[in-house]
Amino acid sequence: MASGIAILMAGAAAIALGVPAAKAQQAVQPATDQQADQKKKADEKAAAEETLLDKILVISRTGETAIQSLASASHVDQEQLDRRMATTPNEMLLGVPGVTVQADARRVSSSINIRGLQDFGRVAVIVDGARQDFQRSDHGTQSTFYVDPELIKSVDVIRGPVANTYGSGAIGGVVFFDTKDAEDFLKPGEAWAASVTGRYESNGKGWTTSASGAYRFNENWDVLGNIVYRDYGDYKNGGGDTVAGTGFDVLSGLLKATIRPSENSELKLGWVGSSDGWTETSGGVPANDVDLKSNTFTARYNITDDAKSWLDLHINASYNKTVLDLTTLVPQNRFDPTTGLPVVLPAGSLSTFDVGTTGIDIWNTSRFETAGIAHELTYGGDWVGDDVETGGTAGSDSFYTPSGKRNVSGAYIQDKLTWEWLEVITGLRYDSYSLKDSDHETSGDRLSPRITIGVSPFESAGLAGLQFYGTYAEGYRSPSLTETLISGNHPAGVTFPFLPNPNLKPETGKTVEFGVNYKQNDIVEAGDALRLKAAYFNNNVEDYIDGVTLSAFDPTSGCPFGPGIPICFQYQNFAKAKINGFELESVYDAGWGYAGLSASIINGHTISYEGERADLATIPSSQVTAQLGLRFLEDKLTVGGEVQYNGKPRGNPVAKDYTLVNAFASYQATDNLKVNFRADNLFDVKYTNPLNGSTTAVLYEPGITLKLAATMRFGG
């Protein structure tokens with residue numbers, strides 16, 4: 001720790017010494033002519049007026065920005081990602097309202113929660129158009145994904161079932177990770193560029209090394225490669241205690257080629273891969289060695305012709321393969337998954353989880369007018385197939401993640417009508433699914449509607465940017481393979497049966513949302529900008545699926561007496577899950593800096609068919625996040641901080657209120673050298689993520705963590 005602090009202090013000193021030099025250089029620099037000065041001011045004004053909410057959403061099917069969207073949408077750009085110096089996906093999404101990331105001791109594996117819904121496809125996690133559907137049955141996180149933050153240039157989030165044009169099942173919402181492009185890395189006139197980043201973190205004494213390279217063959221063809229290696233030890237929580245099993249080492253890579261066959265078309269071919277390793281503990285003792293390999297292959301093609309307003313065609317194809325091998329490090333007392341009798345799982349026993357996901361997504365947007373009303377008509381279809389194969393030594397963990405195949409497909413049509421102060425969006429989606437293993441097969445389908453009405457009723461200067469909207473939207477999620485087919489006896493501790501349930505009904509999310517968008521420039525000073533989005537939502541998820549405990553003493557439960565305790569576990573439908581809340585996202589940006597405020601207040605519970613009400617375990621903390629950044633030295637130096645208050649959800653056995661304070665600084669020392677510093681959990685608060693309340697032991701998050709990074713760039 002002492003050596004790490006010494007390194008960080010040396011880096012801070014270097015920044016401090018560089019600041020006066022930069023000021024001196026600025027003082028002796030000759031004055032530019034008036035025309036250049038005016039151009040600079042114009043550029044500064046344009047930059048200030050383009051806030052985070054003005055960035056076009058990659059996920060948008062009609063080229064909207066977040067502030068234009070009549071939905072709860074957010075965008076995280078490259079500047080924010082650089083500022084957060086994220087090691088895990090959790091840190092990438094700090095302060096995004098309604099979004100929480102759950103990661104237990106396996107920090108590299110993450111599960112995203114949107115508005116209290118997560119796991120089994122309720123939130124569609126997409127990397128460059130490829131669905132991430134890996135799932136492993138365990139305490140804690142269920143559906144996880146693996147992507148290194150260093151490879152990501154932006155993240156888009158759409159909350160609620162209004163995102164149903166982006167694939168079946170996303171009743172919670174969609175998170176789209178867009179990886180880096182050569183076009184973003186190369187400066188105008190450059191044919192090639194390369195960069196190297198080194199970063200040290202004090203908590204866990206971890207290092208990150210990243211190298212990027214891009215080459216432009218000609219104006220119609222460029223490539224980018226990126227390789228990242230991270231090596232981290234176990235971190236310490238806010239109480240100063242080492243949290244066993246939180247260390248990991250991961251090698252990740254990205255390769256992307258962009259080809260422009262014509263002036264109006266583009267083809268992106270990409271690969272993203274990770275090779276991860278970590279140790280799982282049981283009772284603080286190493287129990288399993290984990291090796292994971294994830295590979296995602298994508299092809300994205302679009303053609304748009306301004307002369308043909310009916311043509312804005314996109315074709316995406318993808319394949320994601322995730323293989324996790326789990327090897328026992330010590331002999332473990334287990335129960336046979338078939339008989340329930342005690343067995344010893346010897347050291348070296350292997351469990352394998354092999355999940356392959358294939359996807360195709362095609363859509364087109366046609367733009368036209370009828371009787372003075374502008375239309376953006378979007379129509380398309382998609383298909384996703386999951387192929388799950390698990391196996392290993394008898395009694396190993398893989399037996400509780402069933403093998404099988406699932407196919408989910410859909411087609412939709414959506415029309416966005418615009419007339420002066422009125423916008424109306426109507427949509428209809430058809431979903432169909434089938435899943436099977438060697439003994440069971442089930443299927444279903446449904447139509448899901450959406451209607452949104454937005455009005456901009458004011459014309460005065462101060463209120464012209466105010467827009468109100470209301471939405472009713474439905475979404476449809478089919479049961480997963482695990483929820484439907486899980487079978488066997490609980491592997492350790494005590495034994496009891498897991499019962500399959502091929503009669504599970506799909507979930508139907510029905511959301512009502514009322515929101516406001518506000519956009520205004522030149523409020524306090526020329527060139528500043530204010531953007532604000534706020535929404536209240538009420539989501540009723542009918543036939544909600546969750547695990548329940550059945551008693552063998554109740555003859556109507558279907559739970560048989562076995563060799564263990566007289567209970568069974570089974571996924572069953574509830575009448576509904578009711579979730580409601582309020583979300584706010586706002587940013588004020590001017591030449592001197594920016595300020596942001598976001599909030600998420602959420603409550604939820606389930607209701608059984610008998611009318612019994614229970615707290616929903618997946619409800620995250622309510623949050624309020626304030627951010628402030630100040631710019632100096634012609635925007636070369638940015639310093640600031642974040643404060644986030646987290647309020648405990650009702651009924652959670654481990655949750656407490658807590659407040660986190662972070663600080664950061666970024667200094668562009670030269671055109672080719674950038675230095676970043678960050679301090680997370682500055683006051684060393686000891687806290688736990690409420691979503692980890694379902695794990696077997698309380699897991700406390702990292703205490704104070706200091707980070708220092710330097711990036712060298714070359715190009716020509």
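**Backbone and burial in two loops**

Task: Determine whether Asp543 is buried or exposed, and state where Asp543 lies and what its phi is.

Solution: Asp543 has a relative accessible area of 18% and is therefore buried (buried is under 20%, exposed over 50%, partly exposed in between, with a 1.4 Å probe and protein chains only). This is a predicted model, in which local features need pLDDT of at least 70 and side-chain atom pairs count only at pLDDT 80 or more, whereas totals for chains, interfaces and linings use all residues. Residues are numbered from 1 along each chain as its sequence is written, and side-chain values use heavy atoms, with hydrogens and water left out. The next step is to place Asp543, which sits in the loop between strand S26 (529-542) and strand S27 (545-551); helices (H or I, at least four residues) and strands (E, at least two) are DSSP runs, numbered from the N terminus. Finally, the phi of Asp543 is near 60°, a positive value in a residue other than glycine. Most residues other than glycine have a negative phi.

Task: Carry out the corresponding analysis for Asp522, giving its phi, its place and its accessibility.

Solution: Asp522, again a residue other than glycine, has a positive phi, near 55°. Asp522 belongs to the loop that runs between strand S25 (507-521) and strand S26, and with a relative accessibility of 41% it counts as partly exposed.

**Salt bridges**

Task: State how many salt bridges the structure holds, and then describe the pair formed by Asp181 and Lys268.

Solution: There are 47 salt bridges in the structure (a side-chain nitrogen of Lys or Arg within 4 Å of a carboxyl oxygen of Asp or Glu). In one of them the side chains of Asp181 and Lys268 meet at 3.3 Å, N to O. Asp181 comes from the loop between strand S7 (173-179) and helix H5 (182-185), while Lys268 comes from strand S12 (265-282), so that the pair links distant parts of the chain, 87 residues apart. Both Asp181 and Lys268 are buried. The two residues also belong to a network of salt bridges whose further members are Asp128, Lys153, Asp178, Asp184, Lys256 and Arg300.

Task: Explain why the salt bridge between Asp589 and Arg631 ties together separate parts of the sequence, and give its N to O distance.

Solution: The side chains of Asp589 and Arg631 meet at 3.1 Å, N to O. Because Asp589 lies in strand S29 (576-590) and Arg631 in strand S32 (622-632), the pair joins parts that are 42 residues apart in sequence. Asp589 is buried, as is Arg631. A further salt bridge is that of Glu266 with Arg260, whose closest N and O atoms are 3.7 Å apart, and here Arg260 is buried at a relative accessible area of 15%.

**Cavities**

Task: Find how many cavities of 30 Å³ or more the structure contains, and describe the lining of the largest cavity.

Solution: The search of the whole structure yields 11 cavities of 30 Å³ or more (a cavity is a set of points on a 1 Å grid, over the protein atoms alone, where a 1.4 Å probe fits but cannot get out, and lining residues have an atom within 4 Å of a point). The largest has a volume of about 760 Å³, a volume being the space filled by probe spheres set on the points, which are joined across faces, edges and corners. The lining of the largest cavity comprises 39 residues, of which Asn90, Glu91, Leu660, Tyr687 and Glu701 are the closest to its centre. Strand S2 gives the largest share of this lining, 4 residues.

Task: Describe the second largest cavity by its volume and its lining.

Solution: The second largest cavity has a volume of about 320 Å³. It is lined by 26 residues, and the closest to its centre are Phe120, Asp133, Phe134, Gln135 and Ser143. Among the elements that each supply at least two lining residues of the second largest cavity are strand S18 (373-392) and helix H6 (481-485), whereas the largest share, 3 residues, comes from S4.

How values were computed: On a 1 Å grid over the protein atoms alone, a cavity is a set of points where a 1.4 Å probe fits but cannot get out, and a pocket is an open set with protein on both sides within 12 Å along at least five of seven lines; lining residues have an atom within 4 Å of a point.
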